[in-house]
Each structure stands twice: as structure tokens, then as C-alpha cells.
Amino acid sequence: MSKASARQFLALTGLAATELFRQPASFLLILSSNACTILTPLALSFQLGQETHLALDSSLAFEFMFGIILAGYAACATLHNECQSGTILIVFSKPVSRLMFFLAKYLAIALLILFFVFCSGAASLLAGRLSPRNFEFDALGLRLLLAIPLVAIIPAALINYFTRRSFIVYALMGFTLALVATVTALGMMNGEGHRVAFGSLIDWRILPACALEGIALLILAAIALTLASRLTTPTTIAILAVVLFSGLISDHLITLLPSSETLRFGVRMILPDIQAFWPADRLAGGESLSVSVIAHAAAYGVAYACGILCLGYAAFRNRQF
Amino acid sequence: MNDEINTECVIEARGLTKVFRDFWGRPKVLAVNGINLDVRRGEIFGLLGPNGSGKSTTIKMILGLLHPSSGQLSVLGQSPRTVSVKSRMGFMPEESYLYKYLTADEILNFYANLYGMSGPHKTERVNTLIEQMGLSKARDRRVGEFSKGMARRIGLAQALLNDPDLILLDEPTSGLDPIGCREVKDLLLALARQGKTILICSHHLSDMQDICSRVAILLQGEVCATGSVQELLATPDTLKLTLRAPSQTTLTAVLDLLERETGTRPQVDHTGRTLESVYIETVSQRKSAP
Amino acid sequence: MSTHPGKSLTRISALAGLTVRDAVRSRLLVSLGGILIIGLIGLPLLISGDNTLSGRLQVILNYTLNFAVTMLSIVTLWTACGGVSSEIQDRRLYLVLTKPVHRHELWLGKWLGIVALNALLLTLTGFIIGVMTWHTLLTSPESETGKRQAREQFLLARQSLFPESPVSTQQALSSAGALLKSGRAPAGMDAAQVATELMKELKSARFVIAPTGTIRFTYPLLTPCTGVNDGILKYRIESSRPERNPIPAQWEIQTAAGIALHLSVTNYPGLPNRLLIPGSVMRGAQFLTLSYHRLDSSSPATLFMAQNGQEPELLIPSGSWAMNLGRGLLMILCRLAFLSALGLTAGCLLSTPVAVFVAFFMMVLLALSGYVESVATSGVFYIPHEGAALSKTWLDKVVLGQFKGLNRLTQPLLHLDPVPLLEEGRRISWLLTAHALAWLAGLYTAVTAVIGIFLFNRREMG
């Protein structure tokens, strides 16, 4: 790739990513996902010692649920809306290849997903830390949590008021910083506010689990981008939900098929094996995710995403506007 | 142009101001700043100005889509926010914001229903306008498949559905070919002769010059010039004579005389036709040729 | 412009027709119909349950209805939010607003269009569920008896009856008053609280069955039974000791005409039980007395008989399943009508994605109305360690206050979900349906509409 092409690619990615991070919907989805994750421990009491496990399971479920909505929305906001509004014509009137354009869009969506996964990871750590232990609920932690939205929103509002800069971008940054600060603070103290060894009360296994789910979301983002060249946002998200659900029960679906090895192999190739990215069962058994498990899943994810992106590009390449 | 212009004001604006505010309620953009405007019945009034001068904002306030920050505005003797006044108005926007899944026929029928039209009167009016706009062959095609020019024609047709007393047009000739432009201009002149009042926003100054009786030029939200086209265009200390070409001797004698009287030698040019008339003539001849 | 109501109706119906036509031609309706069909047919094929006929019928009624309701709720919110906001964004609304159309006519037209689309899709849902249910029943390899039992269990609308209480609320109140006067009531309790505790104690005492003891329940049959279908008594036995030994007993079923039937049963403590009461026994009866006589003498001293803390519930056939499904779908339509109003109102103020988000947030709040009620009534939203002081700071009070306020808003909407009733084959009464129409499609929609139209009137189209 020449310097000029690299500059083009970065320009396209940067523009698409800026557009996505400035969308109010992106901020609201990330905020909601993390709010659901963090507030789940409130609903967990008297679960016979399973509170932490349930809180972490819920956080993984929320990450998937909000993640597919975010992926579908982001793909349509960048690609579909650009096709509809006609701004894509201006881009293609410049010496920009469709492949570069398509990949730049994917990279922008991937950046948003990675940011979402980072925030989800922090929120999951908090959820695990705050889940009731021995029937005791961490009221101090709850009060600290309620300050997070204020810490995120008030500075962003002040920046917007005095400098007229984008509220959404600064609110996102503020929210992320506040999350990380809260994890750090609560990692250093217990429910009574006494100092403890950092991280001793936090279940760190959730971080690789979130990362694993993030890889699945990147696969789903590739599918979303492929669909977004033709379909609207609700349809794209609906199909992503069907793909996610089918991927989670792919083993069961394959047993329902006629016993033809070729057919079963074909379906296994087409349906993404989302089960490999659902770590809740492993975490429930007390295991942690080893590097090899994640590497294996990442290799599968990269290969699958590349395949889907090839299909998507093949559909996009000859699209007329 | 319509010489029998009534003095009755159809649109009257006094100190009209519009300030767009940000989320905190602070002024962000002063789009229209204290303009005074009178549009009289039966005239074709042009609103000119560079981009961002406040033309669209003024039109939207007249249509009741925006609320003035201060000042007074009256349209057909009522506040523009009154719903009933819209039954006597027609609006053609700059872009054709149409429902792309409907056919031309369905769109006009839909808007006719919104005007409260029904029965044979509605059908007749829709058919007449489709014929008039030259869309008979495309009446059952979806608007999403129309070219820009065809979409503009539908846009104009829906503005005329209710036989309005006041018609507002934003770039009416944009996207139309020269013959289409000529037809629209002729239509607008005919409507003005019927006593309709027309307010046009356009950047096509030659079109405005052709049809407008009065214009206002906006700049940065203020009216910087207003008056009849003739008054604005006239240069009082020069004259233009049109005559059959005399002999060279006579011409030289006349020019010498005028030079002695005025101090400058007049310029002599042969009059010609406009590019528009050549185009129309050529296309018409080709169309009528066997 | 004519303000004649007829012209107004013409405009509203034109706008509603435009909404429907847009959905049809943009293939939204076809896509939704396709997804519904795939989901409604595909889910029961994927999830076979316990592979019995009853299990498969339960899957059809449980999963498909929930799938349809969830999907339609989400799509309705999305479509409604975009109905106004996307047209403002595209500026298509400018051409409509420059016509002599009141903004409330525009809002109502859009709302009616979305409700009409939902009615179409719900009709399709009902049709598919009906066809799948009967097809499953007809093609099942189960015996005729098994099919009849499954039909009795799931494909009838059953009215729920509870036995007459030996002590009425009035009697409890007067006893409570007497206790308070004599100073024998616990300190700090008023008459209503004492009466509630009295009722609880009396109910508990009523349900104790000693060895070889008998317990009797009388059920008034307000509507006479035709005798074609059986009744079902749902009950459960709990032991005073952690034992699981089977308890032999005999049921005696009695009507005004005398003792109609004796049925011997063996029940295990802690498990739900069902007693089938033949329709022929109930035919024309005005009341039914069911006596449970323990046959054993050596088992635990006391047994409690209750289903989920309530008295045993008698389910009698009351109407056809098809009509019941129709009423349930009508209640779902009322909910979707309210969601449409919510989405349109959000769309009147906000851009499409933000409006969708806000509307979804409101929908989730409504779905959590049970949790909201429990927090509002208990006064805590987290359970502190037993024995620890329940400290309430100003923040706790603020949050609890919000929960209480939200509870007041959502209280009327509790118990208006027909899906659990349809899953269990319970009758959805016309009263409940009217309740849904009045509250959901009526009051709540009207209030939302007023707010939406107010916001829409103030909105500028710049």
C-alpha cells in the first residue's frame, strides 16, 4: 500500500469512526449496556452464593445483546445511510477504490465495537465486585456508581456550553474515565471502605471472557456491514439476532438436519459457531479462559470475518447507485 | 408582467427576526434580522440573495414551519401558523420531498385529500394537473423512479392542486430543461394574470428578471434592496434605441451629433436573439419535423 | 379550510392509508410477515420440549406468543419513532405541514396506520398459532385419550375459581376492631393490618389436615357448566416435615344433588397435582363441594394444602379457545397501540435513534412494573444483611420516591399481560379485555397522544 493509499484509507476510517462516535445512539447504547450490567447486582440477593456468577453471566448476555444492536446500527449508519443520501457518489467520484472504502467502514465499526467491549469489560468487573457476598450488599459501591453518569455528563455539558464542542464525544470519554476510576477505587477497598490488596475482591476472569465475546461481535459486525449495503437498520439487526441465536444453538440445529455429512459440513461452515465465544459455562465451572482458547477463537473469528467481508465486498463491488 | 397589481398586501412582514438558538438557549445564528416585506396581490415577487442570506428561513416563517423570534408577520390577513390559511396557499420546495413509494397519481390524490377535496372535482383536478405537467405517461410510475425534472413537475403540481391564492416556490426551475423552464415561467405569468400572488426564491437571475414584477435582495438576513425590476435595473442617465439599420453616412452623422451633445461617442451593436430562444426554436423544429 | 369533522376524518384516513401503503410498498410488512411466519413455525420445530403432545402444545403457546409479542413490540416502537422523526429529517413532512392539516390530525393518522398494521400482523399470528396447534393435535401419534387430555389442558378457556372463604373480610375487620378495643391486638397496628393478619392465620389454620382428617372446599359455579369438558383442580400438599413419602387420600365430589364421585389419589408433598373433575358431574351444578380425606394415620402430624400460597384453584371450562385467543390478541393490540403512541410522541421531539432509545427505555420500565411494585411496597431496593440497620440517606429516599411515583403510573398496567393466561389455558374475561382497552388503548394512549401533539405543535421544522 502506497503512502497516498494509506492516507486515503486513514482519512476514510477516521471520518467514519468520528461519525459513529458522535452518534447519540452509540453513546446511549454503550451507556445502557453498562448501566444494565452494573445495576444487575441490585436484583441479586439470596442466590445461594451464586450472586457473582449470575452477575457475570448477565454482563456477558448484555454485552451480546447490546453489541449486536450497536453493530447493526453502526453498519447502517455508515454504509446504508451514505448510499441512501447520495454522499457515497461524491466519495466514488474521487480516486477511491471500493475495496478500500468497504474496509475502512469495517475498521471504523470495529473501533467502535472494541471501545464498547472495553467499557463492557470495566462494567463487568464492577458488577462482579458489587454483587452481594454473604447476603451483604455493597452500599458504598452503589453510591459511587450513581456518581458515574454525573461525572460523565456534567463536564461534557460544561465543555459544550463554553466551547460548543460535541457533547457526545466528551460524555463518552468522561464515562469511560469514570468507569475506569471506579473500578480502580473499588478494587482497592471493601464494602466497609477499608483498604484491601488491589483486585483481591474482583473476578478478573471476566476480562478475557468479554474479549472473547468481542471477537464474536466483530464477526457479527462483518455480517452487519455485508447486509447494510442493501438493508435498513431494523432488518439488519433482526437478521443479526437470528444469526446470533442460530450460532448459539448451531449444534442442536445440525442434529435436526438429515444425516448427510456434506450438508452438515456446509451448514457448519456457513453458521458462525457463536458457542465457541460464549464463555459463561466455562466461568460457571470455575475455569478461566486460557490464552490458547482465546487464540483459537480469535483465529476462527478472523478467518470467518474475512470470509464474510469477501462476500460483502463481492456484493458491494458491482452495486450501482 | 401583470400590470394590474392590487395594493392589497398578501404577505406583510414588519421587523421580522429569526434567531436560531443552541441547546442552552443562547443565540447561535441570526438568520433574519428585522426585515420589512410587502407582497401585494397579483404580483410575482422575487426573493434574491446569496446562500445563507435568510431566504429559506423567511419562506419557512411564511409557511408557519418556523416561528419568528420577534416582529410581525401576516399571510392572507392571518397568522401563518393558522391551519386554515394553508388551504389558500401552495408550496413547492427546493427539493422534491416526496413519498417515493407512491405513484404520481397517488401522491396528488393524497395531497388532494389533505386539502379536503373529494369526488369528481378531485379526480378532474388531478388529471388536469398531470396533463399540464406532461406526466400522463408516467402517472402510474413510482416517484422514486422519476428523474429530477419529473419530480420537480410533481412538486409544482401538488402546489397548484387547491388553486391557491398564494403560491410559494423555492427554485421552481431548478432541474428543468430550457423548454420546461419556459413552460413554468409561462404558467406562472398566466397564474399572476388570474390574480394569484406568487413568491419565488431563485438563483436563476435571468428567470427572475423575466417574470418578477418586484424583487427584494437579502443579504445576511437583511433586505438591502427592494423595488420593481424595472426600477432596479434602470440606469437613468443612459438610453437604448432600437431601430432599423440606416445607411453608413446617416449613421455616422447621427453618432457625431450625439457625441457633440453628450460628450461620449455611443456604442453601436447589432441586436441578436437569446440562447434560450435559439434552443427552443431548434428543439421545436426538430420535434415537429417528420 | 373546512373544519368539518368529515373533512378532518378524510385527512386522518388519508394519512393512515399513506402509512399503511408506505409499509406495504417498502416491503416492511412483507419482511415482518416473513419473519413472523419463520419464527412462529420455526421455533416449535426447534424446541420440542419433552416430546409429548402436551409439551409441544405448551411450546407452541409459550414460545410463539412471546416471540410474536416481543418482535411486534420492538418493530412497533421503531416504526412509530421513525414515523414522524424520519419524515422530519427527510423533510417529507414539510409538504404535508404546508397543507391545511392540523398537527393532531397528522399524529392521529400515523397512529391509526401503525395500529392497522399491527392488527393485520396479529391476525396473521393468531391464524398461524391456530393452524399449528390444531395440526400438532391432529398429527400427534398420541392416543385419543392423550389427545383429549391435552386438548382439555391447553385448548380450552378455563375460568379460575377459588373456594368460599369461611371468614369474610368484613367479619375479620369487626373481629380486629374487637381485639383492638380489648387491648389484645399487637401494638402499633391499625384495624386493617390486624384484620389482614387475622385472615392469614385463619387461612393457615383452615389448611391444616391432621392424619385421617378431612378438609372441605366449596366452589360457587356462577355460570352453569355444559358438562362437555372436565374441570381441573390444581392443588399442592406440603408437609410439616421434610419428607417425601406418598400420602394416600380420597376426594369426594359433591353437588346439590348429593355425592357424585369418589376418587382415590396418592400425592407427594411439594409437587403440583391436578384432579380431573368429569364434566358430567358439574353439569348444571350451582356449587361444587370437594372434600379431601386423608387415609393415612402415621404420616406427619400436619399437612398444608395450598397452591403457591393460595387456596386450591378450580379451573372450569368457560368458553372456546379461539375466542379466548382472540381476546388475548385484542389485549396485545391495545398494548401495541400504546407503544405506537409512545414511539410517535418520542419521535415528535427527538431524532429517530434517540427516540427509539427513549421509547425502549419506557417500554422496559413498564415491563419491570412488577419489580417496581415490590420495591415501592417493601421500601428497599437492595436487601441489607440481616440484623444490619437499614440506613436511608437522602439518596435512598430520592430513589425510593421515584420508584413509588413510577409504581403509581404502572399499577393499572399490571396484570394486563394475556400471554401467561393463554399459556395456561385460563379464560381472558371480557372485563379484563375491556380493562385493557380502557387503560392501555384508552387513557394511557390518550395522555401520551396529548403530550405528543403538544410537543409536535411546538416543534419547528427548520
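Helices α2(A), residues 24–39, and α7(A) pack together in this predicted model. Their axes come within 9 Å and cross at roughly 20°. That angle is under 35 degrees, so α2(A) counts as roughly parallel to α7(A). The crossing of the two helices is left-handed.

Which residues of α2(A) meet α7(A)? From α2(A) come Pro24(A), Phe27(A), Leu31(A) and Asn34(A). Facing them in α7(A) are Ile168(A), Ala171(A), Leu172(A), Phe175(A) and Leu179(A). By class, this contact between α2(A) and α7(A) holds eight nonpolar residues, one polar residue and no charged residues.

Now step back along the chain from α7(A). The helix α7 of chain A spans 167–187, and α6 spans 139–163. Arg164(A) sits in the loop between them. Its backbone deserves a look. Most residues other than glycine have a negative phi. Arg164(A) is not a glycine, yet its phi is positive, at about 60°. Is Arg164(A) buried, exposed or partly exposed? It has 13 other C-beta atoms within 10 Å, so it is partly exposed; the exposed class ends at 12.

Chain B offers a second case. Glu171(B) also is not a glycine and has a positive phi, of about 50°. Glu171(B) lies in a loop as well, between β6 (166–170) and α5 (178–193) of chain B. Its surroundings can be counted in the same way. Glu171(B) has 20 other C-beta atoms within 10 Å, and therefore is buried. The threshold for that class is 20 or more.

What does the rest of chain B look like? Its secondary structure comes to nine helices and nine strands. The C-alpha atoms of chain B fill a box of roughly 70 × 60 × 35 Å along the principal axes. Chain B has 290 residues, and 39% of them count as buried. Consider its contacts with a separation of 6 or more: 69% of them join residues 24 or more positions apart.

Last, the nonpolar cores. The largest has 236 residues. Within it, the residues with the most contacts are Ala71(A), Ile109(A), Ile113(A), Leu220(A) and Ala221(A). Take Ala221(A) and leave aside its neighbours within four places in sequence. Ala221(A) is then in contact with Ala71(A), Ala75(A), Ile109(A), Ala110(A) and Ile113(A). A second core, of 21 residues, is separate from this one. Among its members are Phe217(C), Cys225(C), Ile277(C) and Ala285(C).

Notes:
Residues numbered from 1 in each chain as written. Chains lettered and ligands numbered in written order. Predicted model: local features only at pLDDT ≥ 70, side-chain atom pairs only at ≥ 80, totals over all residues. Core = buried A, V, L, I, M, F, W, Y, C linked by C-beta atoms within 7 Å. Contact = placed C-beta atoms within 7 Å. Helix = DSSP H or I, 4+ residues; strand = E, 2+ residues; numbered from the N terminus. Axes fitted to C-alpha atoms, helices over the stretch in contact; angles between N-to-C directions. Parallel < 35°, antiparallel > 145°, perpendicular 65-115°, else oblique. Left-handed = near helix turned anticlockwise from the far one by under 90°. Nonpolar A, V, L, I, M, F, W, Y, C, P; charged D, E, K, R; others polar.
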